[in-house]
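Student: I should like to work through this structure with you, step by step. May we begin once it is on display?

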Amino acid sequence: MKSLRTFIQIHKSIKQHATVFSAVVVVLLFGLFLEAYMHNFNLVYITLFFVFSLAFSAGPIGVLNLGRLQSTFIPSGRLFAQEEGKISLSIYNNSSTDAWSILVYGNNVTVPLNYLKGEHSSIVHLPFTPSKRGKFRYENCYLESRYPLSTARLTLRIKEQYEGVVYAEPKGRSLASFLNEEETHYGEEKEFDGLKEYDGSQRLSHIHWASVAKGELSVKTFTKEMQTSNLVFDFYKAGKDDEARLSQLSLWVLECEKKHFPFAIIFPHKNLNSTKESIDEILEVLARY
Amino acid sequence: MKSLKFLQDTKLTPLRLLDMGYVIVLLPLLLLLKMPMLVFALIVVAILFFKKTPASNLLVMFIFFLGILAVYLSLYGTFSFRGLSRLKLFLEFLVYVLFVVVSMQRLTQKINFYLLISPFLFLALSLFFYHGILMLIYVIFEIFFLLWMILAHRMQGNLLEGFRSSMVMFMYSLPWVVILFIFFPRISFEHATYGFKSETVQRMGHDGTMYIDSKALLVPSDRIVMEVGFKGEIPLSHQLYFRGSILYVDKKNHWEPLPKHIKRKNKDFYETKGEKVEYKVTLYPTQKSWIYLLDMPFEAVKGSTLDLDLISTVKKPIEEPLHYSASSSLSGKFHDVLDKETYKASTAFSTDSNPETYKVVQEIKDTYATPQKKVSAIIEFFKAQKLTYSLKPEALDINNSTDSFLFTKRQGYCVHFASSFVTMARMAGIPSRIVTGYKADLGNALKNYIAVKERDAHAWAELYMGEHWIRVETTATAYGIEADSLRQQSTGVDKERNEVMKKINLYLMYVKYQVETWILYYSNVRQLQLLQYAKENPKFVFTFVFSLILLLLMTLLISAYFKRTTYTSKAIEILQPLMRSLKKRGYTRQKEETLHQFFLRYVDENAEKKEQISAIQAVDKLYEEISYGNDISQKSIKALKQIVKKSF
């Protein structure tokens with residue numbers, strides 16, 4: 001009785017949609033019925049009953065194949081507006097039997113899972129490109145399977161929804177360009193330390209012209225006597241409008257993170273500092289502005 | 001095991017799976033294809049085999065025109081607008097067209113909707129052509145195979161998993177098929193007459209004329225003429241006479257039926273006395289019009305006529321297996337009022353022939369007054385002559401065949417006994433005739449089933465006394481059986497020398513007969529009979545329900561077997577009861593947690609359960625030894641099993 005109750009619960013959670021092959025089965029049944037009934041061909045009757053019974057038993061088998069799957073959204077990394085990211089979904093097969101022919105549907109994307117071993121889980125990444133920054137909700141995901149006979153498309157809605165923040169699209173001037181304008185960032189050089197390849201972020205005065213003559217573009221590096229004060233990005237000077245400013249700041253924040261530069265942002269009503277707040281917190285403040 | 005490994009390792013592409021499905025469904029239809037289509041099929045297969053890339057449009061067009069040509073040549077001469085009305089030809093045409101279209105699509109190596117559903121169309125079409133027991137087995141196999149291929153496709157071409165799942169599905173549907181087959185309402189349409197039947201071989205043994213010279217039809221063959229299933233028990237040996245034709249006219253070297261101008265009337269129902277018996281007959285093609293009924297039939301079989309001589313015939317010669325139900329009374333006599341012409345025909349004899357016999361008969365006539373006494377005297381005379389039953393008798397003098405048989409050669413078989421007896425009876429003034437047909441042998445019976453063979457062809461006499469025809473088994477007057485004939489009769493042909501083989505053969509025939517009766521020729525009549533029987537026999541209902549439950553349990557067991565989880569190693573499989581027990585207690589192995597870590601976690605958290613803990617530690621140790629120490633001996637496996645039992 002318990003298993004029957006479980007089956008009924010599973011059955012209720014699954015929607016069944018007819019496919020073109022269900023129409024084929026109906027036509028086949030009708031044709032076989034005519035062939036059998038008109039001339040009492042028992043072989044045709046047997047085929048007819050087999051087709052009917054198999055199509056009939058395909059329903060519960062398909063339901064049990066899909067219905068035991070449990071899906072949970074898991075943290076899936078940063079998402080930026082207008083950039084392709086991913087939403088991660090952990091799918092667990094809560095049955096001792098394997099699940100077959102599974103497709104995961106997200107917002108206009110389909111990812112095949114195909115096979116999931118019994119009592120095992122798998123992580124599926126759904127590609128997602130948010131259109132704008134801010135809070136978002138990822139919903140209407142479902143699992144689909146045509147197992148076993150393709151006569152029905154079974155769908156299991158993922159009730160859980162994913163809520164997160166899309167950070168502002170990182171775009172604008174590069175950090176190097178910004179730093180070129182901010183001389184103080186570099187501090188005071190004390191002793192020549194060596195050469196390294198020019199990557200666009202160094203001052204022009206540090207270019208090692210001798211190497212340029214040889215066809216290479218290197219810059220001189222120095223041990224610094226003292227570190228200059230933190231980089232400070234001013235919201236109001238970062239761009240023409242709010243969106244451009246937020247995008248610009250996002251880009252610089254990410255570049256600073258990459259280069260391990262501490263920084264601060266002068267933000268309306270609030271100043272942000274990378275030594276006090278994590279990068280994600282700063283990006284979130286920018287996203288939710 | 002090798003084949004299992006092969007299945008496990010084999011993952012086929014959708015196109016290969018489809019190809020396998022096509023091979024299976026096309027096999028029976030290949031027998032139907034005419035030579036041009038077979039050549040076409042061979043060309044297509046050769047192209048598919050050698051050309052691994054998709055065919056160009058040019059090649060597809062070439063195959064199209066080649067296909068049209070093959071269809072035209074295959075149906076040339078038979079195809080016309082009139083011919084279209086013949087269903088078989090139309091279906092054949094459909095098969096050809098579908099075959100050409102499928103070949104074209106397959107060459108492109110693209111799977112489209114039509115290529116996917118065509119195997120089912122081929123299967124449905126093949127059912128129009130074959131109705132035999134072999135096809136029954138093949139159809140069930142075809143259905144299973146197609147199911148396997150569909151599931152393997154859904155399971156990424158995994159043949160082993162596909163096989164397991166298809167077995168499960170097949171077993172789930174089997175009880176439904178049985179129930180539907182028995183109870184689904186039928187109507188009374190007969191089988192269509194087109195298509196290939198299971199049996200088209202002509203049977204011999206009885207042909208309506210009885211030769212007594214060297215042409216005498218002697219067929220000591222074991223081929224089956226008909227199979228009979230009795231409703232109750234099989235009648236006794238001396239009651240198993242199946243009437244064929246009646247012979248009245250002595251033509252010296254042979255006997256013939258009544259001349260065509262003498263027509264005995266047809267009748268639907270006969271009042272006969274004796275025990276009533278009901279039976280079903282499967283009569284195989286004889287190319288003759290007689291259908292055989294047990295002496296003496298009550299009524300005409302549906303679709304046949306029964307005349308005053310109780311001879312049953314159908315309009316057309318029997319060219320395919322005929323199934324009919326009949327009822328008879330187990331009586332050796334029946335009432336008849338002879339018309340003048342029939343009386344004349346049944347008393348005629350040649351006064352120029354058989355003088356010695358005539359002399360003997362005159363003495364009998366002078367001695368005995370009543371017909372009964374005369375007949376007894378003739379029987380006694382036959383016995384006194386010490387006639388030998390021989391399947392290889394010396395040739396008789398045809399002008400005086402009775403004299404020759406009774407006084408000179410004294411050897412013969414049923415035809416000679418019957419012919420001479422009837423001649424003597426007629427000389428004594430008793431109207432008489434010869435009946436030919438079959439006398440079934442109980443040696444070929446099993447339960448309520450009996451197979452009648454060509455060697456059972458027989459002839460006996462019927463004498464008209466007191467407005468009744470009375471059967472006389474003339475061969476019973478034989479004094480002895482000639483040694484060779486005895487051997488041939490008792491042992492049969494070489495293949496049946498072994499009694500065990502004979503018994504097995506009989507069982508197989510019985511099974512075949514039952515399958516044909518209850519599956520291939522199951523009809524609304526049989527359905528109603530079954531329901532009626534169920535109403536009258538509560539015990540049968542119980543047995544039936546019990547059988548269905550048994551079938552259900554069997555299918556569930558088989559599906560459970562194929563549904564069972566498979567494990568990567570025997571050791572892990574042995575651990576499963578323990579894992580399930582721990583799971584019930586809330587301990588599930590975490591992702592990326594080794595078994596050792598899992599057991600340690602349980603041990604740490606349940607230190608107070610000392611006995612169980614030590615068992616689990618032992619399991620852990622032994623499992624490690626088996627899995628990583630490659631200790632896969634039976635002894636270790638057995639030890640692991642025992643410890644696992646103690647651990648939960």
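Student: Which residue's side chain meets that of A:E163 in a salt bridge?

Tutor: Please keep in mind that this is a predicted model. Side chains of opposite charge can pair when their charged atoms come close. For A:E163, the N to O distance in the salt bridge is 3.0 Å, and a salt bridge is counted within 4 Å. The partner is A:R137.

Student: How many residues apart are A:E163 and A:R137, and which strands hold them?

Tutor: A:E163 belongs to strand β13 (residues 162-167) of chain A, while A:R137 belongs to strand β10 (residues 134-138) of chain A. The pair therefore links distant parts of the chain, with a separation of 26 residues.

Student: How many salt bridges does the structure hold over all chains, and what is the count between chain B and chain A?

Tutor: Over all chains, the structure holds 22 salt bridges. Between chain B and chain A, the count is 1 salt bridge.

Student: Which residues form the salt bridge between chain B and chain A?

Tutor: The closest N and O atoms of this pair are 3.1 Å apart. Chain B contributes a lysine and chain A a glutamate: B:K583 and A:E119.

Student: Where is A:E119 placed, and what is its phi?

Tutor: A:E119 is found in the loop between β8 (115-116) and β9 (121-128) of chain A. Although A:E119 is not a glycine, its phi is positive, at about 55°.

Student: How many residues does each chain bring to the contact, and what area do they bury between them?

Tutor: Chain B brings 53 residues and chain A brings 41 residues. The size of an interface is often given as the accessible area lost when the parts come together. Of the area buried here, 72% is on carbon and sulfur atoms. The value for chain B and chain A is about 4,200 Å².

Student: How many residue pairs are in polar contact between chain B and chain A, and which helix supplies the largest share of the side of chain B that touches chain A?

Tutor: The count between chain B and chain A is 8 residue pairs in polar contact, with both residues at pLDDT 80 or more. On the side of chain B that touches chain A, at least two residues come from each of α7 (113-129), α8 (133-154), α9 (159-183) and α16 (499-520) of chain B. The largest share is 11 residues, and it comes from α9(B).

Student: How many residues of each class lie on the side of chain B that touches chain A?

Tutor: The residues on this side of chain B are sorted as nonpolar, polar or charged. In that order, the numbers are 36, 10 and 7.

Student: What is the strand order in the open sheet of chain A that contains β18, and which strands stand at its edges?

Tutor: This open sheet has 3 strands with mixed pairing, in the order β17-β18-β19 (chain A). The twist averages 20° from one strand to the next. Each edge strand pairs on one side only, and these strands are β17 (231-234) and β19 (270-273) of chain A.

Student: In what sense do β17(A) and β18(A) pair, and which residue stands opposite A:F233?

Tutor: β17(A) and β18 (residues 263-267) of chain A pair over 4 bridges, in the parallel sense. Opposite A:F233, in β18(A), stands A:I265.

Student: What angle does helix α6 of chain A make with β18(A)?

Tutor: Helix α6 (residues 242-259) of chain A packs on the sheet and touches β17 and β18 of chain A. The angle between the direction of this helix and that of β18(A) is about 165°.

Student: Why is one side of β1 and of β4 in chain B left without a neighbour in the sheet?

Tutor: The open sheet in question has 3 strands in the order β1-β5-β4 (chain B), with antiparallel pairing. One side of β1 (210-211) and of β4 (249-250) of chain B is left without a neighbour because each stands at an edge, with a single partner strand.

Student: Which peptide bond involving A:P148 is cis?

Tutor: A:P148 is found in the loop between β11 (142-145) and β12 (152-157) of chain A. Its cis peptide bond has omega of about 0° and joins A:P148 to A:Y147.

Note on methods: Residues numbered from 1 in each chain as written. Chains lettered and ligands numbered in written order. Predicted model: local features only at pLDDT ≥ 70, side-chain atom pairs only at ≥ 80, totals over all residues. Heavy atoms only, no water. Contact = heavy atoms within 4.5 Å. Buried area = accessible area lost by both parts, 1.4 Å probe. Polar contact = N/O pair within 3.5 Å; in protein donor to acceptor, adjacent residues only side chain to side chain. Nonpolar A, V, L, I, M, F, W, Y, C, P; charged D, E, K, R; others polar. Pairing = 2+ DSSP bridges. Axes fitted to C-alpha atoms, helices over the stretch in contact; angles between N-to-C directions.
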